[in-house]
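Thanks for coming. I have a few minutes on one structure, so please look at the sequence and the model as I put them up.

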Amino acid sequence: MAVRATVSRFPADADELEASGMLWGVVVTPFATKDENGSSPMYGSNGHLIPRCENCWAYYNTYCDQEQWAWTCSLCGTLNGLSAQTIARYSLPNSAPENMSSFIDLELPLEGSEEEDMQARPVYVAAVDLACSEEFIELTRSALLAALEALAPGSLFGLATFSHKLGLYDVQGPIPVIKNVFIPPDSDGTLLVQLEDAMPLFSFLAPVETCKDRITNALETLRPTSSWERNTGAGQGLGGMGVGGRGFGLAMEALITYLGSEYGNTFALGRIFGFLSGPPDYGPGQLDTRRYSEQYASKGEDDDHALLPEHMPFYKDLASVAVQAGVCIDIFAVTNEYTDLASLKFLSIESGGSLFLYPSTDDSTLPQDMYRMLSRPYAFNCIMRLRTSSEYKPGNSYGHFFPDPRYENVQHVICCDSYATYAYDFDFVYNTGFSRYWIICTVDTLQSLLRYSWHSNILLLCPTGTFKFSIGLVKEV
């Protein structure tokens, strides 16, 4: 975990903050392997035994003053008693990681029955656009082969395709079997057949370690839908124009529902890779990309700024559904067409995924990016909390997370790798600011915590980072 402040000294009060004209906050990289000083964490177990403040619920750390029977919270100054179990834990020097380092990574006991937790497995689903070219299929095939090499043992993999129909592959038999569900052309339509009825989920998701060769064989069968088939199935698009039959919106909605029905009971992580060769132009979620040329022909309007707002809220609303289902979505767009990423971006950003854009298949690094993304360490089912001293508090927060509906300043992250970074700005709680004018400079404590599951052994870990920052007081004594 790395925490970096925007300023080396904190302002004394709101007036000094306003006068400085500078941003006051921190950026947090919660799953970083080293902290902001380049130090690695101290590892340990029994994270549930760390004492917590009775007032602000901050965790005990190296900056707390400890007596024989009590300790003082470094954030709010509350004096807390120590239990007999905790006194025994801290009886010897260097007996616990939290007494030796401010950056610690502790294992927590498994919640629920151990048998149920060991059955939880990460799930990955590839949704491939077939309203495309042969070059796009070849690039996507190479990317998925690289992904199969990077996936951890115990992972489940599902292969789906979309155009004017949504296809599900069963690769667990000797021959790949695909079942198609047609996507209705109207923009507010729904699937006539639910995916669970077309193919049970346990048939769709295959264990990577035993079915890798069969998944590879299924990838070899991918072919672009013919122009005749697309025109016949898709019909006419917006304004009577011909369409490519790319029903991305309803395909994503159906797959999220497909995985979400079992989320929390069977799967530790649900992650969808969406491969696009152009803008969605069919069924629910179709985008009217004609406005691109209209804006270029407009008079006196900045073309770059005109394209920044989203065209429709469909994908932003769909991102909320993905968050509730616990499904992370990554979008890989390989196209030089205007694809309205301003609308599509919410689906990946708000679910904790990534958005990649490649202008062509010739010089695309999609296979390499897929392998790097899945081979580096990442956490899932994360809960993040930032605590400060009582004089100030976190204000706005920015990043690929969603707030907890019940608790303030608690964020949830579906999937977090070692590069994911989040930003917070601060507000003073009182007009007096820090109110420490009898000294020229003092320090303040900030504590960040991430609770997560790890992709290799599905254990719950709890890293905490506690840091002190200088407070610059410019008022005279």
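I will start with the cysteines. Cys132 is buried, at a relative accessible area of 14%. Cys211 is buried too, with a value of 5%. Please keep in mind that this is a predicted model. How many disulfides does the structure hold? The count is zero. For the record, a disulfide is a covalent bond between the sulfur atoms of two cysteines.

Next, the salt bridges. The count for the structure is eight, and I will go through three of them, beginning with Arg141.

The side chain of Arg141 meets that of Glu138 in a salt bridge, with an N to O distance of 2.7 Å. Where do these two sit relative to each other? They are three residues apart in helix α4, so about one helical turn separates them. Is Arg141 buried or exposed? Arg141 has 7% relative accessibility and therefore counts as buried, the cut-off being under 20%. Glu138, at 43%, counts as partly exposed.

Arg141 also has a salt bridge to Glu220, and here the N to O distance is 4.0 Å. Why does this pair tie together separate parts of the sequence? Because Arg141 lies in helix α4 while Glu220 lies in helix α7, residues 208–220, and the parts they tie together are 79 residues apart in sequence. Glu220 is partly exposed, with a relative accessible area of 41%.

The third salt bridge is between Glu149 and Lys212, whose closest N and O atoms are 3.9 Å apart. This pair again links distant parts of the chain, with Glu149 in helix α4 and Lys212 in helix α7, 63 residues apart. Glu149 is exposed, with a relative accessible area of 53%. Lys212 counts as partly exposed, at 27% relative accessibility. As for shared partners, salt bridges join Glu138, Arg141 and Glu220 into one network.

Staying with charge, we move to a surface patch. Which residues form the negative surface patch? They are Glu134, Glu135, Asp362 and Asp363. Glu135 belongs to helix α4, which covers residues 134–150. With a relative accessible area of 48%, Glu135 is partly exposed. That value is over 30%, the level of accessible area that a patch residue needs.

Now some backbone details in the loops. Trp57 has phi near 65 degrees, a positive value in a residue other than glycine. You will find Trp57 in the loop between β4, residues 42–44, and β5, residues 65–66.

Asp340 is another residue other than glycine with a positive phi, near 55 degrees. The loop that holds Asp340 runs between β15, residues 327–334, and α13, residues 341–349. Is Asp340 buried or exposed? At 2% relative accessibility, Asp340 counts as buried.

The last loop residue is Gly77, between β6, residues 70–72, and β7, residues 79–81. Gly77 is partly exposed, at a relative accessible area of 47%. How far is Gly77 from Asp65 in sequence and in space, and what are the two values? The two residues are 12 apart in sequence, and their C-alpha atoms are 9.5 Å apart in space.

To go back to the main points: there are zero disulfides and eight salt bridges, with Glu138, Arg141 and Glu220 joined in one network. That is what I have; questions are welcome.

Key. Residues are numbered from 1 along each chain as its sequence is written. This is a predicted model: local features need pLDDT of at least 70, side-chain atom pairs count only at pLDDT 80 or more; totals for chains, interfaces and linings use all residues. Side-chain values use heavy atoms; hydrogens and water are left out. Patches are made of residues with over 30% relative accessible area and no salt bridge: like charges are joined within 9 Å, nonpolar side chains (Val, Leu, Ile, Met, Phe, Trp, Tyr) within 5 Å. Accessible areas come from the Shrake-Rupley method with a 1.4 Å probe; for residues, only the protein chains shown count as cover. Lys and Arg count as positive and Asp and Glu as negative; His and the chain ends are not counted. The place of a charge is taken as NZ of Lys, CZ of Arg, CG of Asp or CD of Glu. Helices (H or I, at least four residues) and strands (E, at least two) are DSSP runs, numbered from the N terminus. Buried means under 20% relative accessible area, exposed over 50%, partly exposed in between (1.4 Å probe, protein chains only). A disulfide is a pair of cysteine sulfur atoms within 2.5 Å.
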